[in-house]
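Reader: I'd like a close look at one part of this model, please. Pick a spot in the middle of a sheet and work outwards from there, with the cut-offs spelled out as you go.

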Amino acid sequence: MPGELLRVVTAGSVDDGKSTLVGRLLHDAKVVLVDQMTAVELASERRGYDGADLALLVDGLRAEREQGITIDVAYRYFATTKRTFILADTPGHVQYTRNTVTGASTADVAVILVDARSGVVEQTKRHLAVASLLRVSEIVLAVNKMDLVEYREAVFDRIVTDFAAAASNLKVDHFTPIPVAALTGDNVVERSTRMDWYSGRSLLDFLERIEPALDPDLPARFPVQIVIRPRTVEHPDYRGYAGRVEAGVLRRGDAVRVLPSGRISTVAAIDTPNGQLEFAPAGRSVTIRLSDDVDVARGDLIVVDGAPAPLVTRELRATVCWLTDRPLRSGDRFRIRHTTRDVQAIVDAIESRLDITTLASAPATELTLNDIGTIRIRLAEPIVVDPYEINRSTGAFLLVEETSGATMAAGLVS
Amino acid sequence: MTALLPHPSRDLDRTWLTDLEDEAIHIIREVIGQFERPVLLFSGGKDSIVMLHLAMKAFWPSRLPFPVMHVDTGHNFAEVIGYRDRKLDDWGVKLIVASVQDAIDSGRVTETVGQTRNPLQTVPLLDAITSHSFDAVLGGARRDEEKSRAKERVFSVRDDFGQWDPRNQRPELWDLYNGRHRIGEHVRVFPLSNWTELDIWAYIEREGIEVPSIYYAHDREVFERDGMLLAVTEWTQPRANETVRLQSVRYRTVGDATCTGAIASTARTVSEIVTETAASTVSERGATRADDRASEAAMEDRKRQGYF
């Protein structure tokens, strides 16, 4: 199995055939197991369908199968000879957009589906806005149901033009359009023989080859999750800080600063149960020891000095995706969860709201479900941030309702 | 400083396994960062063994800062219970047993004769969560196992009744796991969400982890029922029309002995199991679990009621 992992999110409007596309992708890539396929064939027969409904491979919940819609994100894992994939299949209904945001937050590639008969609709723009906002580095426009428009190039071209206009409004600098027919499999895994005018790759071929852009280089960022103090006979004085490197590379001997306090120390060791490391790149979960006995706790950020420096602040300007039925108004109070830190927050002002139809920002006084807007937040204690466009970890936060614990918003530091 | 665990073989240093390990350790550490009283569900099956191995790595050189709990149906494979008791003792890990038999004896649940005890695990599980005031329950479920599990969050809130509401799950963004919950609620945490069956075996191989012997091919008296190979045990006896034969088999999953089937196999080493798993054309649960064959949504229904 190839070592490289690609995270893909699929999004589309209702009835764009997204689950069918994912089912087709899994089926034609020959990663569907015999018993799973038999179950789908039996279920299709029970429903009186002609042939196997590949969407049933992914729609796992009872309500999804009954209504023929996708409600929640479904994760699929498969590998081809070239790559290992984690695929997050997300719902099309506007009311479930928060699940699309969930899928997009960790994705390298977003596949946005459009029905060839209906073209670019409001949901397409919403999904494009979400993918662009969350910095999914590669966007695929999959124009589906080409079989229902006689595989005509003109239909495809018109949709690509409309999508390009929306992309340009959202400052998306590139995307890859692919004409597909999920039901018949054209351009999903195999190149279609019915669209000679298309010279590009099939969807799977594209996904197997794409090299997603990496985060820009930053000096190391290490949010402390927990303090490790065994106090055993073998390790009476051990004091280590456990966490995951969220940016850059942390090296033994690095001069570091503990934020927000600002105390200075040096990395004495990078420990793992399998032995010490000389360095730990972004993504590694390790335990570090410092050469000085400084006060470090969960929620602190250990950083290597250098440009760009992180911002230690009690005021934030941020873009948020509002994920809940209750509207957001200025004066609302929340907990903010940022890296491993959890502090009280007050929304000082709502500055603007993105109009999904025009893709222009306009002044607003509240945000409602699925709105994307810009707000100002004041915090009870400082947090340490980078802009989201520089780092997906230190630039991201959640707004959490204090009593219920519900996740109300996804936030991106401006 | 001496390393606690055997060093991973260099030639098995597969980058995606390191990614999965780093992610799981990050999730497990968040549990200790965010909760007061966690517990780790441990059945002696391969997934819970891998999860426990990762948890011990996450806190090393400290000891595991929470107990493990076995929800015991009473229908066990002797090899698995032997493994459980021996290894947990070696590691100095505290074990809590929530017993289905006790729940039956006290009338908390009613057993249907001839049916698997798997669905009966929900009541003793929820009772134990309440009586120990556990606020986080770590489980080894993987999203690739089953279609309703594919919809599960990493941090998944359960209400006072232990119920899962799949239509109203919290959005889970980036790696910001939100464990905040009301009093009386608890959170199920699944650090192996993104692992596949093949990843589990490849990791067992890389880390040199010991698993119960029934995972390896061995000769056993079995008979065929509903397309599955069932072992002849105290609880599973062949019916008149079912013939017993001695065959080389192994188990892909370890659960209640009455509903867990074996597969024909000659894989006697971990690396042979990795090869066999990579080539398999049937899913893990499809091959071995009678309880998931009951209906299209059998697992979803059990999960909604508080099952793991």
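Author: Let's start with one pair: Leu40(B) has Leu138(B) as its bridge partner in strand 4 of chain B. Before going on, some ground rules. This is a predicted model, where local features need pLDDT of at least 70 and side-chain atom pairs count only at pLDDT 80 or more, while totals for chains, interfaces and linings use all residues. Residues are numbered from 1 along each chain as its sequence is written, and chains are lettered from A and ligands numbered from 1 in the order in which they are written.

Leu40(B) belongs to strand 1 of chain B, residues 38-41. Strands here are DSSP runs of E with at least two residues, helices are runs of H or I with at least four, and both are numbered from the N terminus. Strand 1 is covered on both faces: Pro38(B) and Leu40(B) are buried on one side, Val39(B) and Leu41(B) on the other. A residue is buried if 20 or more other C-beta atoms lie within 10 Å of its own, exposed if 12 or fewer, and partly exposed in between, with C-beta atoms placed from the backbone. The two-sided arrangement fits a general habit: in a regular strand the side chains alternate between the two faces of the sheet.

Now for the neighbours. Strand 1 of chain B runs parallel to strand 4 (residues 136-138) of chain B, and three bridges join them. Strands count as paired if DSSP finds at least two bridges between them. Strand 2 (residues 68-72) of chain B also pairs with strand 1 in the parallel sense, over two bridges, and there Leu41(B) stands opposite Met69(B). One step further along, strand 4 of chain B is joined to strand 6 (residues 186-189) by three bridges, again parallel. In that pairing Leu138(B) has Val189(B) as its bridge partner.

Put together, this is an open sheet of six strands in chain B, ordered 3-2-1-4-6-5, with mixed pairing. Strand 3 (95-99) and strand 5 (155-158) are its edge strands, each pairing on one side only. From one strand to the next, the twist averages 30 degrees. Helix 5 (residues 122-131) of chain B packs on this sheet, touching strands 2, 3, 4 and 6, and its direction makes about 135 degrees with that of strand 3. Axes are lines fitted to C-alpha atoms, for helices over the stretch in contact, and angles run from 0 to 180 degrees between N-to-C directions. Two residues are in contact if their C-beta atoms, placed from the backbone, lie within 7 Å.

Two residues from this walk turn up again in the largest nonpolar core: of its 182 residues, Leu40(B) and Val189(B) are among those that touch the most other members, along with Ala110(A), Ile112(A), Ala142(A), Val180(A) and Ala409(A). Such a core is a set of buried Ala, Val, Leu, Ile, Met, Phe, Trp, Tyr and Cys residues joined through C-beta atoms within 7 Å. As a rule, nonpolar side chains tend to be buried together in soluble globular proteins.

That list leads over to chain A. Ala110(A) has Ile139(A) as its bridge partner in strand 5 of chain A. Strand 4 (residues 109-115) and strand 5 (residues 138-144) of chain A run parallel and are joined by seven bridges. Chain A has its own open sheet of six strands, in the order 2-3-1-4-5-6 and with mixed pairing. Strand 2 (74-79) and strand 6 (176-179) of chain A stand at the edges with a single partner strand each, so one side of each is left without a neighbour in the sheet. Val180(A) touches, among others, Ala142(A), Val143(A) and Leu203(A), leaving aside residues up to four places away in sequence.

How do the chains meet? The contact takes 49 residues from chain B and 57 residues from chain A. Helix 1 (15-34) and helix 2 (46-59) of chain B are the elements giving two or more residues to chain B's side, and helix 1 gives the most, with ten residues.

Stepping back to chain B as a whole, there are nine helices and ten strands, and buried residues make up 52% of its 308 residues.
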